[in-house]
Amino acid sequence: MQKKAELTSTCCRFCEAPLTHSFCDLGISPLANSFPNNELLQKAEPFYPLHAYVCESCFLVQLQEFESPQYIFSEYSYFSSYSDSWLEHCEAFAENSINRFHLNDKSQVIEIASNDGYLLKYFKKRSIPVLGIEPAKNIAKVAESIGIPTLTEFFSAQLAQKLSKEKNQADLLIGNNVLAHVPRLNDFVKGLKILLKSNGIITMEFPHLAELMRYNQFDTIYHEHFSYLSLTAVQRIFMDNGLTGFDVEEHPTHGGSLRV
């Protein structure tokens, strides 16, 4: 059954230019991580259009929003700690960040979409204060069980304001594979700026659009990935919100990623 849903926007979620250029049309599809239980197996499964557009103004590739993040991510099936290679990647990132940015027991590291504590545990091991922000209740419980303090909320500028007023700002603010999952990009990046100390560092890691195109990774296009990110688009989004990039790295994770 194709679910009828009103499009929340036919304009670019960053610059609001009209979306008229098709990038990849994959027809209709159910949500990628929706696993029907026995009761739902007796009912028609909802299908949604899976059609990515590219903005002719800022070159952000994106899907229109059919289901909200609250519906997709409040209970989630992906646990980051299940991948040994990903854990190795994250441990190396933690060690590099601690040394490069001179983090210590007086620093504050905050991760958005912190999942099951897969990354913050490496900072905690070095006695660096950490805070996770993870909307999926089932996953946040696992992080809490290993001693990672975790807010079970969706990140937004409003939440960032609240934390900032509580003097809970970041020396290092991390977002691994979350930027593509955010439909309200400007509010999200505005929140990053608010949550950051004046001399703080943000690191964002995300699958690279160029690799999707080079290797025809059409299977990485699905509804919870609202955006498909190039360095060009990300630079514009962050600069428009008063943030300046100073470094970029290429990594082989998730089919080819950028860390900015």
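Modeller: Two strands are said to pair if DSSP finds at least two bridges between them, while the strands themselves (E, at least two residues) and the helices (H or I, at least four) are DSSP runs numbered from the N terminus. This is a predicted model, in which local features need pLDDT of at least 70 and side-chain atom pairs count only at pLDDT 80 or more, whereas totals for chains, interfaces and linings use all residues. Residues are numbered from 1 along each chain as its sequence is written, and side-chain values use heavy atoms, with hydrogens and water left out.

Colleague: What makes S2 and S3 a pair, and in which sense do they run?

Modeller: Strand S2 (residues 48-54) and strand S3 (residues 61-63) are joined over three bridges, which satisfies the requirement of at least two, and their pairing is antiparallel. Within this pair, alanine 52 stands opposite leucine 63, and valine 54 stands opposite valine 61. The two strands form a hairpin with six residues between them, and phenylalanine 59 in the turn has a positive phi of about 70 degrees.

Colleague: Where does S1 belong, and what is the order of the strands in this sheet?

Modeller: The open sheet has four strands in the order S1-S2-S3-S9, with antiparallel pairing. S1 and S2 are linked over six bridges, and in that pair histidine 21 stands opposite valine 54 of S2. Strand S1 (21-29) and strand S9 (227-228) are called edge strands because each pairs on one side only.

Colleague: Why is S2 described as largely enclosed by the rest of the structure?

Modeller: A residue is buried when its relative accessible area is under 20%, exposed when over 50%, and partly exposed in between (1.4 Å probe, protein chains only). Five of the seven residues of S2 are buried, so the strand is largely enclosed. Across the protein chain, buried residues make up 49% of the 260 residues.

Colleague: Which residues touch the most other members of the largest nonpolar core?

Modeller: Such a core is a set of buried Ala, Val, Leu, Ile, Met, Phe, Trp, Tyr and Cys residues joined through side-chain atoms within 4.5 Å. The largest has 40 residues, and Leu60, Phe155, Leu173, Leu179, Phe188, Leu192 and Phe238 touch the most other members. H6 gives the most to this core, with six residues. Phenylalanine 155, with contact meaning heavy atoms within 4.5 Å, touches residues including Ile112, Ile133, Phe188 and Leu192, when those up to four places away in sequence are not counted.

Colleague: How do you know whether cysteine 58 is bonded or unbonded to another cysteine?

Modeller: A disulfide is a pair of cysteine sulfur atoms within 2.5 Å. The sulfur of cysteine 58 is 3.5 Å from the closest cysteine sulfur, that of cysteine 12, which is too far for a bond. Cysteine 58 is also buried, with a relative accessible area of 1%. By this rule the count comes to zero disulfides, and cysteine 24, for its part, has its nearest cysteine sulfur, that of cysteine 55, 18 Å away.

Colleague: Why is the protein chain called as compact as a globular protein of its length?

Modeller: The radius of gyration is taken over C-alpha atoms, and the globule rule is 2.2 Å times the number of residues to the power 0.38. For the protein chain, the radius is 18 Å, close to the 18 Å that the rule gives for 260 residues, so the chain is as compact as a globular protein of that length. The protein chain has eight helices and eleven strands, and its C-alpha atoms fill a box of roughly 55 × 45 × 35 Å, taken along the principal axes.
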